[in-house]
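Student: Could you take me through one part of this model up close, the way the helices pack and what lies around them? Please go slowly and tell me which residues to click on.

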Amino acid sequence: MTKLIYLNGTSSAGKSSLAEALQPLLAEPFLFFSIDTLLYTLPPSELEGVKGKAPYERDLDWNSLFSGYFACVRALLDHGNLVIADCPVYNHDMAERFRKSLGDFEQIVRVKVHCPLEVAEQRELERRDRTIGLARRQFPAIHDFLSYDLAVDTVENLPQKGAELILAGLKCRQ
């Protein structure tokens with residue numbers, strides 16, 4: 001049985017919308033745990049810096065933040081939780097953090113979540129909680145570091161249809 005559904009794609013690719021559409025379709029309750037979950041625990045002034053809406057007041061240790069995220073996902077799994085995780089793996093360091101925490105976990109389905117760069121950039125502009133330019137920075141290498149079991153194009157498959165595709169893929173793997 002799949003215990004971890006890992007969604008990988010650029011910022012604004014549609015990972016969160018896909019996760020939220022998928023949760024009610026699954027036979028068991030899965031926690032949706034995004035890197036945004038951790039970011040939203042930052043003090044408001046730091047969160048505004050992360051969103052690109054204000055200068056950083058203090059430096060964030062991004063290495064610790066991402067390592068902590070992956071460790072949290074692993075802890076949730078090790079304690080019997082089912083998880084949909086969402087954190088872009090867009091460079092070698094991120095891939096190493098992923099492998100260190102989750103690389104030996106066998107009950108995982110990795111989902112490539114993708115859309116054209118222009119669509120991700122338009123979504124960034126339409127949302128008020130995104131750093132403009134983040135999708136462009138992540139886009140060139142976002143899918144170079146993980147292998148995938150499933151893929152969802154979030155332009156052709158709006159959240160509900162994409163969630164149904166993932167559900168069908170999960171059923172085929174059982």
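Tutor: Helix 1 and helix 8 sit roughly perpendicular to each other in this predicted model, because their axes cross at roughly 65° and angles from 65 to 115 degrees fall in that class. Those axes come within 8 Å, and helix 1 passes helix 8 in a right-handed crossing. To see who does the touching, click on Ser17, Leu18, Ala21 and Leu22 of helix 1. Facing them from helix 8 are Pro159, Gln160, Gly162, Ala163, Ile166 and Leu167.

Now stay on helix 1, which covers residues 15–22. How many of its eight residues are buried? Six are, so call this helix mostly covered. The ones to colour are Lys15, Ser16, Leu18, Ala19, Ala21 and Leu22. Yes, a lysine and a serine are on that list. Besides helix 8 (159–173), these buried residues pack against five strands: strand 1, strand 2 (31–34), strand 3, strand 4 (108–114) and strand 5 (150–153).

Just ahead of helix 1, have a look at Ser12, in the loop that joins strand 1 to helix 1. Ser12 has a positive phi, about 70°, although it isn't a glycine. Is this serine buried or exposed? Ser12 has 5% relative accessibility, so it counts as buried.

From helix 1, step across to strand 3, where you'll find Asp86. Among the residues Asp86 touches are Lys15 and Ser16, both of them on the buried list for helix 1. Its other contacts, leaving out residues up to four places away in sequence, are Leu7, Phe32, Phe33, Ser34, Ile35 and Tyr69. Asp86 counts as buried because its relative accessibility is 3%. If you want a distance to check, its C-alpha lies 14 Å from that of Ser67, which is 19 residues away along the chain.

Phe33 and Tyr69, two of those Asp86 partners, take us to the aromatic rings. Searching the whole structure turns up six aromatic pairs. Ring pairs tie Phe33 and Tyr69 into a cluster with Tyr6, Phe70 and Phe98.

Some of these names come back in the largest nonpolar core, which has 26 residues. Which members touch the most others? They are Leu4, Tyr6, Tyr69, Phe70 and Val73. At least two core residues come from each of strand 1 (4–8), helix 2 (35–39), helix 3 (44–50), helix 4 (62–78), strand 3 (83–86) and helix 5 (92–102). Helix 4 gives the most, with six. A second core, separate from this one, has 23 residues, including Ala13, Leu26, Ala120 and Val152.

Val73 is a handy spot from which to look around the largest core. Setting aside residues up to four places away in sequence, Val73 touches Leu4, Phe33, Val83, Ala85 and Leu102.

The last of those, Leu102, is in helix 5. With 0% relative accessibility, Leu102 counts as buried. Leaving sequence neighbours up to four places away out of the count, Leu102 touches Leu4, Tyr6, Phe70, Val73, Arg74 and Leu77. The C-alpha atoms of Leu102 and Arg74 are 6.4 Å apart, with their positions 28 residues apart along the chain.

That brings us to how helix 4 and helix 5 meet: they pack at an angle of about 25°, and their axes are 9 Å apart. The angle is under 35 degrees, which means helix 4 runs roughly parallel to helix 5. Here, too, the crossing is right-handed. On the helix 4 side, the contact is made by Asn63, Phe66, Ser67, Phe70, Ala71, Val73, Arg74 and Leu77. Helix 5 answers with Met94, Arg97, Phe98, Ser101 and Leu102.

One last click: Thr2, in the segment before strand 1. Thr2 is buried because its relative accessible area is 17%, below the 20% cut-off. Not counting residues up to four places away in sequence, Thr2 touches Phe30, Leu82, Gln107, Val109 and Leu170.

Conventions: Residues are numbered from 1 along each chain as its sequence is written. This is a predicted model: local features need pLDDT of at least 70, side-chain atom pairs count only at pLDDT 80 or more; totals for chains, interfaces and linings use all residues. Side-chain values use heavy atoms; hydrogens and water are left out. Rings of Phe, Tyr and Trp (its six-membered ring) pair if their centres lie within 6.5 Å; planes under 30 degrees apart count as stacked, over 60 as edge-to-face and the rest as tilted. A nonpolar core is a set of buried Ala, Val, Leu, Ile, Met, Phe, Trp, Tyr and Cys residues joined through side-chain atoms within 4.5 Å. Buried means under 20% relative accessible area, exposed over 50%, partly exposed in between (1.4 Å probe, protein chains only). Helices (H or I, at least four residues) and strands (E, at least two) are DSSP runs, numbered from the N terminus. Contact means heavy atoms within 4.5 Å. Axes are lines fitted to C-alpha atoms, for helices over the stretch in contact, and angles run from 0 to 180 degrees between N-to-C directions. Angles under 35 degrees count as roughly parallel, over 145 as roughly antiparallel, 65 to 115 as roughly perpendicular and the rest as oblique. A crossing is left-handed if the near helix is turned anticlockwise from the far one by less than a right angle, and right-handed if clockwise.
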